[in-house]
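Student: I am new to this structure and would like a close look at a single part of it. Could you take me through the aromatic rings and how they sit against one another?

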Amino acid sequence: MPIPAPNLYPAFNIVRLSHVELVVSDLAKSRAFYVDTLGLQVTDEDRETIYLRAMEERGHHCLVLRRGDTPCARDLGFKVYDEDHLEKAAQFFTEKSLPVEWVDRPFQSRTFRTRDPHGIPLEFYARMDRLAPIHQQYALYKGVKPLRIDHFNVFSPNVDESVAFYNDLGFRVTEYTEDEASGRLWAAWTHRKGGVHDIAFTNGTGPRLHHTAFWVPTPLNIIDLLDLMSTTGWVDNIERGPGRHGISNAFFLYIRDPDGHRIEIYCSDYQTVDPDLEPIKWDLKDPQRQTLWGAPAPRSWFEEGSLFEGQAPVPAQLDAQPIIAP
Ligand SMILES: [Fe+2]
């Protein structure tokens, strides 16, 4: 089996993924996409930045949009258990000879940024400003009714290495795709919070951010979003789906924001809290892996992604072809 045994007692406790910052070229256009169309809630904004949260979230932000000339993804944010675990996290990265830089982040307590061994920018913090609950303010629900951020998916030039590193951080593999010919990992889904994943890795030129996913109440909300996007000028931003994934069993839709950042709308995966949960293995050539109903993903889905700020990607080391739509 190509995946490591789970590390049930990591050096520090990551609670879950928390937020991401995307650099966008036109804040007004991005606001029309994320707020007016998807229905995320603005928690703070000025001429340069928009902070957003989803309907269930009490923390101040799950997505930060920052205006910039070169669209890219900045730090992937993770919440740790408390300040003690934050110190242990900083020590962990220092001992791995990875950069640790303490930074001021509005609405967050002490935060440090670092990079994983492939150069993905990460940030860790323990506490974010808490806001009043809005999950029962139904008049505020708009668009696809996004409830919470669910996961990141990144292109990795070496998925085996990514899984080994994040396994060290306590991320547990729930499902994985093996390239039968080489016996190496082509993709893996790893979690902290008890869903199928907080972060997944896909073989490809990387590191790059493949997508950020938001959980929504039901598949019907995804159908409603498709009707909305297709009649309000966003039809070209629909990339793949709707469908049901083989991996994760989730209902999904992939859309692209005005700068091409990919967003997944996602619901109904399953609980994974058991420490002895057996990972599910998939063959790269199984047509039901990507979509249970058999439809393959388009080429753009395998090739396009957001660059991470300050990190040039490198080609994937594993040359194995998934099934691509003609
Ligand atoms: Fe996803």
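Tutor: What follows is a walk through the aromatic pairs, the cluster they belong to, and the charges placed over rings. Please keep in mind that the model is predicted. A search of the whole structure finds 26 aromatic pairs, and a good place to begin is the one made by Phe93 and Phe165, whose ring centres are 6.1 Å apart and whose planes meet at 55°, so this pair is tilted. The two partners come from distant parts of the chain, since Phe93 belongs to helix H2 (residues 83-95) while Phe165 belongs to helix H3 (residues 159-168), a separation of 72 residues. Both Phe93 and Phe165 are buried.

Another pair is formed by Tyr166 and Phe171, with 5.6 Å from centre to centre and 70° between the planes; an angle over 60 degrees counts as edge-to-face, and that is how this pair is classed. Tyr166 has a relative accessibility of 1% and therefore counts as buried, and Phe171, with a relative accessible area of 2%, is buried as well.

These four residues, Phe93, Phe165, Tyr166 and Phe171, are part of one aromatic cluster, whose other members include Phe12, Phe78, Phe92, Trp102 and Phe201. Trp102 also has a charged neighbour, for Arg110 lies over the face of its ring at 4.1 Å from the ring centre. A similar arrangement is found at Trp301, where Arg240 lies over the ring face, at 4.7 Å from the ring centre.

Methods:
Residues are numbered from 1 along each chain as its sequence is written. This is a predicted model: local features need pLDDT of at least 70, side-chain atom pairs count only at pLDDT 80 or more; totals for chains, interfaces and linings use all residues. Side-chain values use heavy atoms; hydrogens and water are left out. Rings of Phe, Tyr and Trp (its six-membered ring) pair if their centres lie within 6.5 Å; planes under 30 degrees apart count as stacked, over 60 as edge-to-face and the rest as tilted. Helices (H or I, at least four residues) and strands (E, at least two) are DSSP runs, numbered from the N terminus. Buried means under 20% relative accessible area, exposed over 50%, partly exposed in between (1.4 Å probe, protein chains only). A charge sits over a ring if NZ of Lys or CZ of Arg is within 6 Å of the ring centre and within 35 degrees of the ring normal.
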